Amino acid sequence: MQESATIKMAQLSRDMRKKGINIIDLSLGEPDFDTPAHIIEAAIEGMQQGYTHYPPVAGFQDLKEAICTKFKRDNGFHFNANQIVVSTGAKQSLANLLFSLVNPGDEVLIPAPYWVTYDAQIRMVGAIPRVLSSSIEDDFKITPAQLEQGINAKTKVFLFSSPCNPTGSVYSKSELEALAKVFAKYPNVFIISDEIYEMINFEGQHESIYQFEWLRDRIAIVNGLSKGFAMTGWRLGYIAAPPDVARACTKMQGQITSGTSTISQRAAIGALLSGYESCRSMCNILLKRRNLMIAELKKIKGLIVNHPKGAFYLFPNVSAYFGKQYKGDTLGDADALSLAILKYANVALVSGSAFGNDHCFRLSYALDQEKIKEAVRRLQQFFDTLD
Ligand SMILES: Cc1ncc(COP(=O)(O)O)c(C=O)c1O
């Protein structure tokens, strides 16, 4: 197994910081906001009320009901509590699903660019990742024809995120419907819809592939509180899935971690049942940062910058710089470029090769506007000096 490229980059930049180097970190996968105060209050109350013992493996009943309420209120979907499994982060939710659904030798279809962990987890369960490529010209989205070409007798699962990490791309309702019509022809393919960035969506409402009723007995939605509620450290994710799949995930989790921290579960009830004002204001701030970073990056001539509608990442194409020289080194690909940028421009970002697209970089804009400006200034200076 490979170490996560994003974690590796974050470690490298921490090491350089320890040496006193002023690094601007655009490699992070988390908002720079603190968890809203009312959610922290809910956690404290939970501890004071004695929620300090082992919880049920799939989560407290009242949390599962709060998650069902969220689905009804925000998405118009009806789920029963026995379809919900609460886990230690959406990352564990995904692992539970893959361990439950996929056998060694099965194939899992993933559109690229994909989140690094998809590839690693698919391999971990002994399955084979089958990648469907997309490019910046397609707004990093796959077409129904591509999907159909990718499905074969071994395809067990289709796994994707919208809004997407690393591109920020968001599938529209009609694009999802076109994919859903392809799935109608292939009843053995299960769909994992990772919607962890649901609340960081800049245009229109969130669209889920679950809305297409003919697929409902073979979809698991993955979601959680990490991104939308600025709760990355609380480690709380969940799935909504057919009851048999939820049971299998509970069994799996029961032998690995058991139930998620009681404190995080009480906090999650507070988050899901209160108003979303703080989430909306975080999203508005992120939108301003996205616009700023796009405007700044467009000043760098060789970059092709995407215009994502969600999450907090940009995924510009940097291939115009491949083969250029810096201090005598040839920068042949996005890996070499990202390392040189860290070393010489002191900006940490992640090479697209980790996400299945080696023509691009992932830059996170979940940091304040001054740092965004300074980071892009450094990048511009770096690119201007390439021969
Ligand atoms: C697409 C995607 N899915 C899932 C996760 C995992 O979220 P969590 O922090 O809840 O484990 C992340 C986190 O970076 C992500 O980007």
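Two residues are in contact here if their C-beta atoms, placed from the backbone, lie within 7 Å. With that in mind, hello everyone, and please remember that this is a predicted model.

Let me start with Ile21. By that contact rule, and not counting residues up to four places away in sequence, Ile21 touches Met16 and Asn346. Asn346 is 325 residues away along the chain, yet the C-alpha atoms of Ile21 and Asn346 are separated by 7.6 Å. Where does Ile21 lie? You will find Ile21 in the loop between α1, residues 5-18, and β1, residues 24-25. And is Ile21 buried or exposed? Ile21 is exposed, because 12 other C-beta atoms lie within 10 Å, and a residue with 12 or fewer counts as exposed.

Now compare another isoleucine, Ile294, which sits in helix α10, residues 277-297. Ile294 has 16 C-beta neighbours inside 10 Å, so it counts as partly exposed. Leaving out residues up to four places away in sequence, the contacts of Ile294 are Val305, His307 and Leu314. Ala230 is 64 residues from Ile294 along the chain, and their C-alpha atoms are separated by 23 Å.

Let's move to the sheets. There is an open sheet of 7 strands, with mixed pairing, in the order β2-β8-β7-β6-β5-β3-β4. At its edges stand β2 (84-87) and β4 (128-132); each has a single partner strand, so one side of each is left without a neighbour in the sheet. From one strand to the next, the twist averages 20°. If you want to look inside this sheet, try β5, residues 155-161, and β6, residues 190-194, which pair in the parallel sense over 5 bridges. One bridge to look for there joins Ser161 to its partner Asp194 in β6.

Helices pack on this sheet too. Helix α3, residues 61-75, touches β2 and β8 (237-240), and its direction makes about 115° with that of β2. Helix α5, residues 116-124, lies across β3 (107-111), β4 and β5, and runs at about 150° to β4.

There is also an open sheet of 3 strands, with antiparallel pairing, in the order β9-β14-β13. Its edge strands are β9 (313-314) and β13 (350-351), each pairing on one side only. β13 pairs with β14, residues 361-364, in the antiparallel sense over 2 bridges, and Val350 stands opposite Arg362 in β14.

Next, helix α9, residues 262-273. Why do we call its length consistent? At 1.5 Å a residue, its 12 residues should span 16 Å, and the end C-alpha atoms are 17 Å apart, which agrees. How many of the 12 residues of α9 are buried? The count is 9, so to speak a mostly covered helix. The buried ones include Ser264, Arg266, Ile269 and Leu272. Among the elements covering the buried residues of α9 are α2 (37-48), α3 and β2. You have already met α3 packing on the 7-stranded sheet, where it touches β2.

Finally, one for the bench: the ligand. Which residues come nearest to the ligand? Of the 13 residues around the ligand, they are Gly89, Ala90, Lys91, Asn165 and Ser226. The shell divides into 3 nonpolar, 8 polar and 2 charged residues. That's my tour, and I'm happy to go back to any part of it.

Terms used: Residues are numbered from 1 along each chain as its sequence is written. This is a predicted model: local features need pLDDT of at least 70, side-chain atom pairs count only at pLDDT 80 or more; totals for chains, interfaces and linings use all residues. Two strands pair if DSSP finds at least two bridges between them. Helices (H or I, at least four residues) and strands (E, at least two) are DSSP runs, numbered from the N terminus. Axes are lines fitted to C-alpha atoms, for helices over the stretch in contact, and angles run from 0 to 180 degrees between N-to-C directions. A residue is near a molecule or strand if its C-beta atom, placed from the backbone, lies within 6 Å of it. Ala, Val, Leu, Ile, Met, Phe, Trp, Tyr, Cys and Pro count as nonpolar, Asp, Glu, Lys and Arg as charged, and the others, Gly among them, as polar. The expected span of a helix is 1.5 Å times one less than its number of residues. A residue is buried if 20 or more other C-beta atoms lie within 10 Å of its own, exposed if 12 or fewer, and partly exposed in between; C-beta atoms are placed from the backbone.
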